[in-house]
Amino acid sequence: MKMQGRKLFAFVVASLMLIGCGRERSNTTGWEYNQPRNGGFQKVPYFDQETGPGLILVEGGTFTMGRAEQDVTYEWNNIPRRVTVSSFYMDQFEVTNFNWLEYLYWTHRTYEEFPMIYHNALPDTNCWRSPLAYNEPYVEYYLRHPAYQNYPVVGVSWNQANEFCKWRTDRVNEFILIREGVLTWNPDQSGEPFTTDAYLANQYHPQPQEEKEQQLINLDPMQGWSGKRKDLGTRIVRMEDGILLPRYRLPTEAEWEFAYYGLVGSMTNAEDPGVIENRRTYPWTGHWVRQDNQEFQGDIRANFVRGRGDYMGTAGALNDAADVTAPVDSYWPNDYGLYHMAGNVSEWVMDVYRPLSHEDFDEFRPFRGNVFKTKVLGNDGVIDEKTTQVLYDVYGIKEYLHEFERKRYQRVSAGDHMPKNSDTASLTFPGMSMNVKSRNDIDYYNSPPEQVYLSKNKKKDSIELELLYELNRVVDQAIDAANNQWYMEASEIIQTNIFDGLFDGVDPRFDIQDNLGNTYPLEIISDLRIGMADYIVNTPGKLKWRQVTAEENINRRNYKNSDYRDYVDGDFESSIYYGGTTERSLTRHDERKNKVNEGIRDESLVMYQNDHEEYDLTGAPINSDAQAAWPTTLVSDKSRVYKGGSWRDRAFWIVGSNRRFLDEDQSTATIGFRCAMDRLGSPKGLGRYR
């Protein structure tokens with residue numbers, strides 16, 4: 001459904017101008033609404049939530065979530081459980097290449113001064129490559145060629161999909177405010193991009209436009225009211241006005257699975273319409289993957305692999321007419337009107353993966369992955385000023401530089417390499433260096449040096465080493481500032497001295513010229529620029545957020561801390577080290593717990609050891625046998641669920657209950673996504689409650 005063009009703003013303005021006419025009164029106090037003489041508390045007309053662009057309403061309800069097919073892998077990670085999902089909106093189609101190109105275009109124009117933000121938005125087109133297949137045409141053309149503009153975007157990580165959802169929220173709400181006459185068109189937002197959160201905090205102030213912006217009338221008499229309507233002040237749109245839409249986001253696993261089945265199509269019992277006649281395996285009724293409708297009888301219903309080596313059928317009778325992905329509006333929709341819930345591409349959902357989530361999550365709106373946050377406030381208790389610069393995770397950059405240098409020069413020299421300490425190296429975590437060493441041990445992880453290094457007798461490049469030393473020195477200065485809670489200064493040090501300094505040709509020491517005056521780029525600068533850009537945590541125009549803390553939730557009962565991704569499945573309390581049955585085990589477990597609380601051991605590795613742990617966080621050895629410290633699982637707090645099958649999967653994986661996972665910063669040529677949005681108020685739509 002397309003966005004309705006009704007003038008919500010006109011209704012709001014009209015209601016606020018009805019001063020002196022008969023008004024609705026409060027059934028609590030008896031005072032009139034919308035009356036400046038008694039304080040001006042406003043009640044605006046509201047009919048129903050507007051359907052955002054590209055969305056379809058999915059009426060919620062109860063269903064059995066979990067295994068609908070044989071568990072041939074014997075993972076037992078989706079045991080059936082009855083749950084309830086609220087009504088919500090979901091994209092009718094998967095997000096396309098053209099949708100993503102629109103996002104890239106806006107990002108490039110808006111953040112022209114910060115090209116690394118644009119780079120972070122680029123899909124990984126190299127995801128198409130395979131050592132024993134020729135897929136270079138997809139690497140070069142799939143994203144940008146118009147022949148593929150209506151195909152699903154791939155090579156997008158979970159993190160990138162979430163950033164797209166945030167961008168889409170802001171663009172849709174900005175258009176609504178423009179459509180309703182509250183804002184005027186502002187194509188040049190390089191200095192101050194519109195974000196919904198910043199606007200609602202009254203922190204979006206674009207440059208004056210030729211066309212005057214129309215704000216709502218403010219009935220608060222404290223705003224200089226003289227008693228005459230013409231002297232009333234104005235205000236921005238508030239969430240209470242019902243004009244702005246909720247956030248676009250990824251669907252939860254339960255929402256996606258509920259929408260997949262389209263069970264409204266199975267409620268065919270005329271005598272009892274609340275009965276679901278058939279539990280479905282696919283988004284259609286039946287256990288077969290071909291159409292049984294007479295008009296299309298025998299046609300394949302989805303884009304997947306039929307059998308060994310059969311990706312699209314034989315010439316002259318292509319069974320799904322798609323060698324890789326297919327256009328997002330091809331095949332048949334399910335009973336909600338959603339396309340490609342089975343096949344084409346697998347899809348990211350919000351949830352953090354745990355094999356036993358079905359044993360732990362709530363039966364109403366189940367979800368694992370909550371990290372509770374709140375807006376940063378100033379000392380005056382008011383929302384702090386929005387970000388006007390790029391903010392970086394300086395600690396993450398330090399560890400990245402250390403690992404980059406070790407990997408590079410162990411490959412160059414075919415020997416162990418320890419990065420040189422800068423004069424401020426003591427500011428960093430002392431165990432970081434040893435943990436990087438353990439997961440890049442020269443005895444187990446190394447590639448042979450390339451020919452260019454062999455010809456130089458495996459000599460390390462002195463210019464590169466000097467650059468890395470300078471980078472570490474700058475990052476240590478930033479860490480020093482961050483340790484003093486000067487996070488904006490810390491990020492400015494990174495931006496000015498590295499991205500706008502060392503990487504931008506400011507220092508002549510890192511300009512390479514030959515005897516003829518030809519200038520050559522320093523190879524590692526482009527690599528480092530891309531790698532360090534991954535540690536951007538906020539961009540200009542957005543409000544600052546922080547995780548909630550236990551001390552601000554002292555009297556709260558429903559939650560205490562911020563991060564519940566590993567709650568009862570991966571946290572210390574759910575591990576074998578919590579409690580004990582003997583005095584010896586209690587002593588050993590208390591020792592482990594104390595080391596976690598003191599910041600000596602990493603709590604995230606207590607139950608799911610997904611990283612090396614040969615040394616603790618102080619650099620002291622834990623396991624004398626390096627191999628005993630190797631990871632034993634791929635599951636971590638960064639593991640995100642993706643659902644459904646893809647063009648590369650057999651029919652088993654297109655069953656809606658099956659689940660897989662991948663780290664949130666990784667991507668493949670088989671995973672795409674679609675957006676969802678919360679349904680507010682009546683679950684049925686159009687203001688109906690029954």
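A cavity here is a set of grid points, taken over the protein atoms alone, where a 1.4 Å probe fits but cannot get out, and its lining residues are those with an atom within 4 Å of a point.

## The overall picture

What you have here is a predicted model. The protein chain has 690 residues, and 48% of them count as buried. Its secondary structure comes to 15 helices and 20 strands.

How do the contacts spread along the sequence? Take those between residues at least 6 apart: 70% of them join residues at least 24 apart.

## Cavities

With that definition in hand, a search of the whole structure turns up four cavities of 30 Å³ or more. The largest cavity holds about 90 Å³ of space.

Which residues sit nearest the centre of the largest cavity? They are M65, N78, H358, F361 and R659, out of 13 lining residues. Two helices, α7 and α8 (357–360), each put at least two residues into that lining.

## Helix α7 and the four-stranded sheet

Helix α7 turns up again, this time next to a sheet. Spanning residues 253–261, α7 lies across β1, β4 and β7, and runs at about 75° to β4.

The sheet itself is open, with four strands in the order β1-β4-β20-β7 and antiparallel pairing. Its edges are β1 (55–58) and β7 (248–249), each of which pairs on one side only. Inside the sheet, β4 (residues 88–91) and β20 (residues 676–678) run antiparallel and are joined by three bridges. One pairing to look up in the viewer is Y89, whose bridge partner in β20 is M677.

## Strand β10 and its two partners

Is β10 mostly covered or mostly open? Mostly covered: in this strand (residues 346–352), seven of its seven residues are buried. As a reminder, in a regular strand the side chains alternate between the two faces of the sheet.

Strand β10 pairs with β19 (residues 671–672) in parallel, through two bridges, and S346 is found opposite I671 in β19. With β17, the pairing of β10 is antiparallel and covers three bridges. There, V352 has R640 of β17 as its bridge partner.

## W647, in a loop after β17

Follow β17 (639–643) onwards and you get to W647, in the loop that leads to β18 (659–663). Is W647 buried or exposed? Its relative accessible area is 4%, and the cut-off for buried is under 20%, so W647 counts as buried.

What surrounds W647? Setting aside neighbours within four places in sequence, the contacts of W647 are W128, N303, F304, V305, Y311, D323, V324, T325, N344, A669 and T670. One of these, V305, is 342 residues away along the chain, yet its C-alpha atom and that of W647 are 6.3 Å apart. Another, A669, has its backbone oxygen 3.1 Å from a polar atom of the W647 side chain.

## Helix α14

The last stop is α14 (residues 523–533). Which of its residues are buried? I524, I525, L528, G531, M532 and A533. Among the elements covering these buried residues are four helices, α3 (115–121), α9 (394–413), α12 (462–483) and α13 (487–499), along with the strand β15 (536–538).

How values were computed. Residues are numbered from 1 along each chain as its sequence is written. This is a predicted model: local features need pLDDT of at least 70, side-chain atom pairs count only at pLDDT 80 or more; totals for chains, interfaces and linings use all residues. Side-chain values use heavy atoms; hydrogens and water are left out. Buried means under 20% relative accessible area, exposed over 50%, partly exposed in between (1.4 Å probe, protein chains only). Contact means heavy atoms within 4.5 Å. A polar contact is a pair of N or O atoms within 3.5 Å; within protein, one must be able to donate a hydrogen and the other to accept it, and residues adjacent in sequence count only if both atoms are side-chain atoms. Two strands pair if DSSP finds at least two bridges between them. Axes are lines fitted to C-alpha atoms, for helices over the stretch in contact, and angles run from 0 to 180 degrees between N-to-C directions. On a 1 Å grid over the protein atoms alone, a cavity is a set of points where a 1.4 Å probe fits but cannot get out, and a pocket is an open set with protein on both sides within 12 Å along at least five of seven lines; lining residues have an atom within 4 Å of a point. Grid points are joined across faces, edges and corners, and a volume is the space filled by probe spheres set on the points.
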